Amino acid sequence: MKYTYLSFVIGEELYAVNVSKVLEVLEKQNISRVPNAPHYIKGIVNFRGDIVPVFESRDKFNLPERGDHSSYVIIVLDLSRDSEIFRIGAMVDRVKDVLEIDDRDIRAVPVMSKEFNSHFLHGIYKLQEKFILLLDVDKVFTEEEVNILSNVTEQE
């Protein structure tokens with residue numbers, strides 16, 4: 001079966017998420033900081049009248065920091081947890097393409113070590129000579145992190 005994915009760039013790497021989880025891509029904008037939020041939460045934005053927490057994908061995935069004047073976009077995503085929908089914005093360098101990917105072309109994530117937690121990766125897709133890491137956005141954040149993110153939006 002084929003599914004549609006939105007691919008994007010963080011640093012030198014390509015990632016993709018199922019478009020069914022993507023609400024919108026926002027251009028760079030002011031993010032209101034929230035005191036005592038985890039380091040990867042950059043703050044909140046107004047999205048269609050809702051308060052949406054925004055996380056820095058580079059921090060969350062342990063990648064090199066983004067420069068203060070670097071460009072970025074925010075991908076607004078719907079996460080599902082215990083039959084609840086939770087909205088979050090992900091800062092990425094840029095959006096690349098919309099891709100149709102057949103399930104048969106998705107490779108399993110190789111086991112690297114016990115310390116490496118790859119549960120948030122749905123699989124790997126090879127496009128020409130590049131690998132695209134397919135994210136399962138519902139598993140990027142732990143239950144504890146989702147609770148923290150919920151508290152960030154409720155405080156505002």
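Rings of Phe, Tyr and Trp count as a pair if their centres lie within 6.5 Å, and a pair with planes under 30 degrees apart counts as stacked. In this predicted model, Phe8, Tyr15, Phe61 and Phe120 form one aromatic cluster.

## The aromatic cluster

The number of aromatic pairs in the structure is three. Phe8 and Tyr15 are one stacked pair, because their ring centres are 5.9 Å apart and their planes meet at 15°. Phe8 and Tyr15 are both buried. Phe61 and Phe120 also count as stacked, because their centres are 5.6 Å apart and their planes are at 10°. This pair links distant parts of the chain, 59 residues apart. Phe61 sits in the loop between helix H1 (57-60) and E6, and Phe120 sits in the loop between E9 and E10. Phe61 counts as buried because its relative accessibility is 17%, and Phe120 counts as buried because its value is 16%. Both judgements rest on a cut-off: buried means under 20% relative accessible area.

## The nonpolar core

In soluble globular proteins, nonpolar side chains tend to be buried together. The largest nonpolar core of this structure has 27 residues, and Phe8, Val17, Leu77, Leu135 and Phe141 touch the most other members. Several strands each supply at least two residues of this core: E1, strand E2 (13-18), strand E6 (73-81), E7 and strand E10 (121-127). Phe8 thus appears in two settings, as a member of this core and as a member of the aromatic cluster.

## The sheet of five strands

One open sheet has five strands in the order E3-E6-E7-E5-E4, and its pairing is mixed. Strand E3 (22-27) and strand E4 (41-47) are the edge strands, each pairing on one side only. From one strand to the next, the twist averages 35°.

Within this sheet, strand E5 (residues 50-56) pairs with strand E7 (residues 84-92) in the parallel sense, over three bridges. Val54 stands opposite Gly89 in E7. On the other side of the comparison, E4 and E5 pair in the antiparallel sense over six bridges. Phe47 stands opposite Asp50 in E5. Five of the seven residues of E5 are buried, so E5 is largely enclosed by the rest of the structure.

The hairpin of E4 and E5 has two residues between the strands, and Arg48 there takes a positive phi near 55°.

## The sheet of six strands

A further open sheet is formed by six strands in the order E8-E1-E2-E11-E10-E9, again with mixed pairing. Its edge strands are E8 and strand E9 (106-107), and each pairs on one side only. Strand E1 (residues 2-10) and E8 run antiparallel and are joined by seven bridges. Val9 stands opposite Arg94 in E8.

Asp102 lies in strand E8, which covers residues 94-102. Is Asp102 buried or exposed? Asp102 is buried, because its relative accessible area is 8%. The side chain of Asp102 makes a polar contact with the side chain of Arg104, at 2.7 Å. With neighbours within four places in sequence left aside, Asp102 is in contact with Met1 and Lys2.

## Two loop residues with positive phi

Asn36 has a phi near 60°, a positive value in a residue other than glycine. Asn36 is placed in the loop between E3 and E4. Asn62 is not a glycine either, and its phi is positive at about 55°. The loop that holds Asn62 runs between H1 and E6, and Phe61 is also in the loop between H1 and E6.

The table sets out the relative accessibility of residues named above.

| Residue | Relative accessibility | Class |
|---|---|---|
| Asp102 | 8% | buried |
| Phe120 | 16% | buried |
| Phe61 | 17% | buried |
| Asn62 | 71% | exposed |
| Asn36 | 82% | exposed |

Asn36 and Asn62 count as exposed because their values of 82% and 71% are over the cut-off of 50%.

Methods:
Residues numbered from 1 in each chain as written. Predicted model: local features only at pLDDT ≥ 70, side-chain atom pairs only at ≥ 80, totals over all residues. Heavy atoms only, no water. Helix = DSSP H or I, 4+ residues; strand = E, 2+ residues; numbered from the N terminus. Buried < 20%, exposed > 50% of the residue type's maximum accessible area, 1.4 Å probe, protein only. Polar contact = N/O pair within 3.5 Å; in protein donor to acceptor, adjacent residues only side chain to side chain. Contact = heavy atoms within 4.5 Å. Pairing = 2+ DSSP bridges. Axes fitted to C-alpha atoms, helices over the stretch in contact; angles between N-to-C directions. Core = buried A, V, L, I, M, F, W, Y, C linked by side-chain atoms within 4.5 Å. Phe/Tyr/Trp six-rings, centres within 6.5 Å; stacked < 30°, edge-to-face > 60°.
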